Amino acid sequence: MLWFILALIVAFILVLLIRTLQFKPKDDVKLDESPVEIDKEASVSALAELIRCKTVSYDDHSLEDDAEFEKLFSLLPTLYPTVMKTAEQIDMGNRALLFRWKGKTEGDPAVLMAHFDVVPVVTEGWEKPAFEAIMENGEMWGRGTLDTKVTFNGILSAAENLMKQGFQPEHDIYFAFSGGEETNGPGAAKIVDYFEGIGVTPSLVVDEGGAVVNNVFPGVTVPAALIGLAEKGLMNLKYTVRSDGGHASAPKPHTPVGKLSMACAKVEAHPFDTKLCRPVLQMFDTLGRHSSFLYRLIFANLWCFSGLLGGLAKKSGGTMNALMRTTVAFTQMQGGAAPNVIPPEATMVSNIRINPEESVQYVIDRINRVIGDPDVKVEVMVSDEPSRVSTTDCEGWQKVACAAASTWKGALVAPYLMTQCSDSRNYGRISDRVYRFSAQDMTMEEVGRIHGNNERIRLEVIPRAVEFFYRLMKQC
């Protein structure tokens, strides 16, 4: 019996080692070595002009400055004159811009997206003015440099250069831009309604998402271009406990605040289960092959180690944990107005990002079970199901991957799951070829400045964004 057990152990170890040794990098991304002819200085200058437009969107639209949005619209014929003369502009309203660059032949079109609105600025937190596009030390400062006027400019600058060179795409290319993405405005949805109405099924859609980053995956030492295949769902849940109130000198065993605290502790103590959705499995399968031996051992044998990986991610939190499970972050709590009064009502709010393998209703039901207290009433404030998962088994993916690999030489190209939300989720209605990639190489410090203070971009990144879209359009 002992020999039999030892033989099983040896066989098990051999299976792990053989699978690890066979877990080698794939060579499945085509490279395009053709030269790119773009006006780099013009692309930098155009982005600076866009940054100087204070296109800030607010949930309270009365705070917005319509003149700044009109200023940006009025600049387009000057910054991108050939595009504005060549492409057909389709009136969408709702600060949505849609341009059609007619192709040579009929066929499914490509859709390239960006948004030109930005989040508000806390002036006191900035070292330099947020809307002057100051350039020094090889950087351009300004709100929107990273999110996402750089890609708005990248698309239009690439088209401007190609049109001047006499290029015409094989099939139509649409440029779809929104001025209300940061507040979940209707612009992108209206454009999808339009496409649905005329029977358009895009061959590919590219919007903001992943970027080219370093040190993003355990054991991988080269940059990785992460292209999102899907977005997690979003839900804000409000938890309420009511009571008769009263003086704090004679409390019952549990006050509303106490009950909410227990509910919070229970939910945090019982994280959602690990569920590896397709984008994450594909990311692990791609990047894991380029990792160190120990990590290749894990990612080549997820059938054995997924539980261990999920447990480690649960303890550490952060990005890896967010990729593997639905996350719940408690962000707000409110109780009484005085320290010696038991509040008649106490509330708290959690922000939840939903794994594509789960749903809004599943999350609500599980949270109610975990809390197990009928006095805690759970109410959905806002919710959005996880997006449709896009395919990589098509020409659309191959074109995007080729453009990324050819622009950032030496970078790995990998699918991933986007934990934030974007306008592109609307396109799941009409296409399973929606790819989320912010065409720029970023440090983790730069990623942290998105929506934060002192947002700025390295000047060298700006023309690379143009090059990516140039290479992509040449394939369309």
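Reader: Which residue of E15 stands opposite isoleucine 227?

Author: In this predicted model, isoleucine 227 faces proline 415 of E15. The two strands involved, E8 and E15, are paired in the parallel sense.

Reader: How do you know that E8 and E15 count as a pair?

Author: A pair needs at least two bridges found by DSSP, and seven bridges connect E8 with E15. These two strands therefore qualify as paired.

Reader: What makes E7 a partner of E8 as well?

Author: E7, residues 204–213, shares two bridges with E8 in the antiparallel sense. The rule asks for at least two, so E7 and E8 also count as paired. One of the matches sets valine 213 against alanine 224 of E8.

Reader: Why is E8 called largely enclosed?

Author: Eight of the eight residues of E8 are buried, so the rest of the structure largely encloses this strand. A residue is called buried when its relative accessible area is under 20%.

Reader: Which residues of H8 are buried, and what do they pack against?

Author: Pro279, Val280, Gln282, Met283, Phe284 and Leu287 are the buried ones in H8. The buried residues of H8 pack against E8 and E15, and also against the helices H9, H10 and H11.

Reader: H8 turns up again at the second largest pocket. What else lines that pocket?

Author: The space in the second largest pocket is about 560 Å³. Of its 25 lining residues, Lys26, Asp28, Val29, Trp397 and Val413 are the closest to its centre. H8, H13 and E15 are the elements that give two or more residues to the lining, and H13 has the largest share with seven residues.

Reader: How are the lining residues divided by class?

Author: There are 11 nonpolar, six polar and eight charged residues in the lining of the second largest pocket.

Reader: Let's go to the sheet with four strands. Why are E11 and E14 called edge strands?

Author: The order in this open, antiparallel sheet is E11-E13-E9-E14. E11 (327–334) and E14 (377–384) each have a single partner strand, so one side of each has no neighbour in the sheet. Ignoring direction, neighbouring strands here are turned by 20° against each other on average.

Reader: What makes E9 and E14 partners?

Author: Seven bridges join E9, residues 233–242, to E14 in the antiparallel sense. With at least two required, they count as a pair. Leucine 237, for instance, has valine 380 of E14 as its bridge partner.

Reader: Which helices lie on that sheet?

Author: H12 (residues 360–371) touches E9, E11, E13 and E14, and its direction makes about 35° with that of E9. H7 (residues 256–269) lies across E9, E11 and E13, at about 15° to E13.

Reader: And in the sheet of three strands, why do E4 and E17 stand at the edges?

Author: That open, antiparallel sheet has the order E4-E5-E17. E4 (135–136) and E17 (456–458) each have a single partner strand, so each is left with one side lacking a neighbour in the sheet. E5 (residues 139–141) is joined to E17 by three bridges, and glutamate 139 is matched with arginine 458. H15 packs on this sheet, touching E5 and E17, with its direction at about 75° to that of E17. H2 lies across E4, E5 and E17, and it runs at about 20° to E5.

Reader: Is threonine 20 buried or exposed, and how do you know?

Author: Its relative accessibility is 0%, and buried means under 20%, so threonine 20 is buried. This residue of H1 is in contact with Phe293, Arg296, Leu297, Ala300 and Asn301, leaving aside neighbours within four places in sequence.

Reader: What about arginine 95 and asparagine 215: how exposed does each count?

Author: Arginine 95 has 21% relative accessibility and counts as partly exposed, whereas asparagine 215 has 65% and counts as exposed. The cut-offs are 20% and 50%. Arginine 95 sits in the loop between E1 and E2, and its phi is near 55°, a positive value in a residue other than glycine. Asparagine 215 is in the loop between E7 and E8, and its phi is near 55° too.

Reader: Which peptide bond is cis, and what is its omega?

Author: The bond between aspartate 147 and threonine 148 is cis, with omega about -15°. Threonine 148 belongs to the loop between E5 and H5.

Terms used. Residues numbered from 1 in each chain as written. Predicted model: local features only at pLDDT ≥ 70, side-chain atom pairs only at ≥ 80, totals over all residues. Heavy atoms only, no water. Axes fitted to C-alpha atoms, helices over the stretch in contact; angles between N-to-C directions. Contact = heavy atoms within 4.5 Å. 1 Å grid on protein atoms, 1.4 Å probe; cavity = no way out; pocket = protein on both sides within 12 Å on 5 of 7 lines; lining within 4 Å. Points joined across faces, edges and corners; volume = space filled by probe spheres on them. Nonpolar A, V, L, I, M, F, W, Y, C, P; charged D, E, K, R; others polar. Buried < 20%, exposed > 50% of the residue type's maximum accessible area, 1.4 Å probe, protein only.
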